[in-house]
Amino acid sequence: MRDQDLRDAMMGLHDGLSRIFFAHQTALLDRDYARAEIELARYRERLFAHAQDEERLVLPRYRELGGDSSDAPTRLFLGEHDKMRGFVDEFLTRVAALLERPDDRMLLELLDREAMHKNLVLHHDLRERNALYPFLAEQLDRSEQAAMLEARAFRGD
Ligand SMILES: [Fe+2]
Ligand SMILES: [Fe+2]
């Protein structure tokens, strides 16, 4: 296994997540709220599972190895995960309301809120890509990286 495999595998999941979010947003552009809801539910399930894998397997190990002394401490990742989960649940409520009663003002409001989420996701992605996973790639031997990948509940689809 190459050193970057843990990072590549985990970061590859982010790309899959953004493709689903894109599908959700294109459904919003079509004002197809039923499809937007389905894509958002898919996104929620996968995003939450990925964040949970990181919270269960990756971040505790990062903390043990001294990650909290870096400028990307564990609490930043946890705080961002919580914010993302809050955003996605809010979006589901908003899409359900649009499905009930279409309204362009509400649609634009949703897109504005989703832009904030995308900005948060962008920063979170960079922090994991440039700090969390490179740190772990340095500190963990190959077999531990492989075991971590093996223990994940979410491996993409
Ligand atoms: Fe991640
Ligand atoms: Fe994360």
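**From a polar contact to the iron site and the aromatic pairs**

The side chains of Glu80 and His124 make a polar contact of 2.5 Å, and this pair is a convenient point of entry into the structure, which is a predicted model. Glu80 is found in helix α3, where Glu80 is buried, because its relative accessible area of 6% falls under the 20% limit. Leaving aside residues up to four places away in sequence, Glu80 touches Leu120, His124 and Arg127.

His124 leads on to the metal, since its NE2 atom is one of the protein donors of the iron ion (ligand 2), together with Glu54 through OE, His81 through NE2 and Glu128 through OE, and these donors lie 2.0 to 2.2 Å from the ion. What is the geometry of the site of the iron ion (ligand 2), given the angles among its four donor atoms? The angles run from 80 to 166°, and the site is irregular; a tetrahedral assignment would have required all angles to lie between 85 and 135 degrees, so the range of 80 to 166° does not meet it. Along the sequence, the donor residues of this ion follow the spacing E-x26-H-x42-H-x3-E. Glu54 and His81 link distant parts of the chain, with Glu54 in helix α2 (residues 33-64) and His81 in helix α3 (residues 74-100), 27 residues apart. Glu54 also bridges the iron ion (ligand 2) and the iron ion (ligand 1), and the two ions lie 3.2 Å apart. Are these two donor residues buried or exposed? Glu54 has a relative accessible area of 1% and is therefore buried, and His81, with a relative accessible area of 3%, is buried too.

Helix α2 also takes part in aromatic packing, for the structure holds five aromatic pairs. Phe21 and Tyr43 form one that is tilted, with 4.8 Å centre to centre and 50° between the planes. This pair links distant parts of the chain, Phe21 lying in helix α1 (residues 5-29) and Tyr43 in helix α2, 22 residues apart, and both Phe21 and Tyr43 are buried. Tyr62 and Phe135 form an edge-to-face pair, with 5.0 Å centre to centre and 75° between the planes. Because Tyr62 lies in helix α2 and Phe135 in helix α4 (residues 104-139), the pair ties together parts that are 73 residues apart in sequence. Tyr62 is buried, with a relative accessible area of 1%. Finally, Phe21 and Tyr43 belong with Phe87 and Phe91 to one aromatic cluster.

Notes:
Residues numbered from 1 in each chain as written. Chains lettered and ligands numbered in written order. Predicted model: local features only at pLDDT ≥ 70, side-chain atom pairs only at ≥ 80, totals over all residues. Heavy atoms only, no water. Donors = N, O, S within 2.8 Å, 3.2 Å for Na, K, Ca; no water. Tetrahedral: all angles 85-135°; square planar, octahedral: opposite > 155°, others 65-115°. Helix = DSSP H or I, 4+ residues; strand = E, 2+ residues; numbered from the N terminus. Buried < 20%, exposed > 50% of the residue type's maximum accessible area, 1.4 Å probe, protein only. Phe/Tyr/Trp six-rings, centres within 6.5 Å; stacked < 30°, edge-to-face > 60°. Polar contact = N/O pair within 3.5 Å; in protein donor to acceptor, adjacent residues only side chain to side chain. Contact = heavy atoms within 4.5 Å.
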